Amino acid sequence: MVAPLATLAVSAAAKLAGRAVGHAAGGVDAAAQREARARKTAQDYESMFLEQSLERMFATTGGEGPLGDSGAGAEVYRSMLVKEYAGSIAKSGGVGIADQIYREIIKLQEGGNAKHV
């Protein structure tokens, strides 16, 4: 189950990176810019993954906690809180998904560049 999820994650992140990076002109600046965009894409993906995971966790808490199920705006505030939690976790080092996705994006870009040369 983990292997297909990892493959899907890498594939999705690579597609996002491909769109974000585009075709940059050669040189050190272009390579550094490409790496920075790949890193950002990987971190964004990890944040999104954590957000989805935390949403499922908080969905099972029911009426407990400061936001509970009471009130019309509880669901809105809960989703905002979950998004902030996920962003904080990802910025503070995350769970390691971003590093793996970053390495795979770089490998795919290097493989793609070798084919077009």
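In the predicted model, Glu 104 is partly exposed, with a relative accessible area of 27%, and its side chain meets that of Lys 107 in a salt bridge with an N to O distance of 3.2 Å. Lys 107, by contrast, falls in the exposed class, its relative accessible area being 51%, a value that lies over the 50% cut-off for that class. Both Glu 104 and Lys 107 belong to helix α4, where a spacing of 3 residues places them about one turn of the helix apart.

The salt bridge between Lys 107 and Glu 104 is one of 3 that the structure holds. Side chains of opposite charge can pair when their charged atoms come close. Another such contact joins Lys 40 to Asp 44, whose closest N and O atoms are 3.0 Å apart. These two residues are 4 residues apart in helix α2, so that about one helical turn separates Lys 40 from Asp 44. Lys 40 counts as partly exposed at 49% relative accessibility, and Asp 44 is likewise partly exposed, with a relative accessible area of 41%.

A further salt bridge is formed by the side chains of Arg 39 and Asp 99, with 2.9 Å from N to O. Arg 39 is located in helix α2 and Asp 99 in helix α4, which spans residues 97-116, so this pair ties together parts that are 60 residues apart in sequence. Partial exposure is found for Arg 39, with a relative accessible area of 27%, and also for Asp 99, for which the corresponding value is 38%. Besides its contact with Asp 99, Arg 39 lies over the face of Tyr 102, at 3.9 Å from the ring centre. Pairs between aromatic rings, on the other hand, are absent, the structure holding 0 of them.

Helix α2, which contains Arg 39 as well as Lys 40 and Asp 44, comprises the 32 residues from 28 to 59. The distance from its first C-alpha to its last is 46 Å, close to the 46 Å expected at 1.5 Å a residue. Several residues of α2 are buried, among them the alanines Ala 30, Ala 38 and Ala 42, together with Leu 50, Leu 54 and Phe 58. The buried set of this helix also includes Thr 41, Tyr 45 and Ser 47, and further the acidic residues Glu 46 and Glu 51. In sequence, the partly exposed Lys 40 is thus flanked by Arg 39, itself partly exposed, and by the buried Thr 41.

Note on methods. Residues are numbered from 1 along each chain as its sequence is written. This is a predicted model: local features need pLDDT of at least 70, side-chain atom pairs count only at pLDDT 80 or more; totals for chains, interfaces and linings use all residues. Side-chain values use heavy atoms; hydrogens and water are left out. The expected span of a helix is 1.5 Å times one less than its number of residues. Buried means under 20% relative accessible area, exposed over 50%, partly exposed in between (1.4 Å probe, protein chains only). Rings of Phe, Tyr and Trp (its six-membered ring) pair if their centres lie within 6.5 Å; planes under 30 degrees apart count as stacked, over 60 as edge-to-face and the rest as tilted. A charge sits over a ring if NZ of Lys or CZ of Arg is within 6 Å of the ring centre and within 35 degrees of the ring normal. A salt bridge is a side-chain nitrogen of Lys or Arg within 4 Å of a carboxyl oxygen of Asp or Glu.
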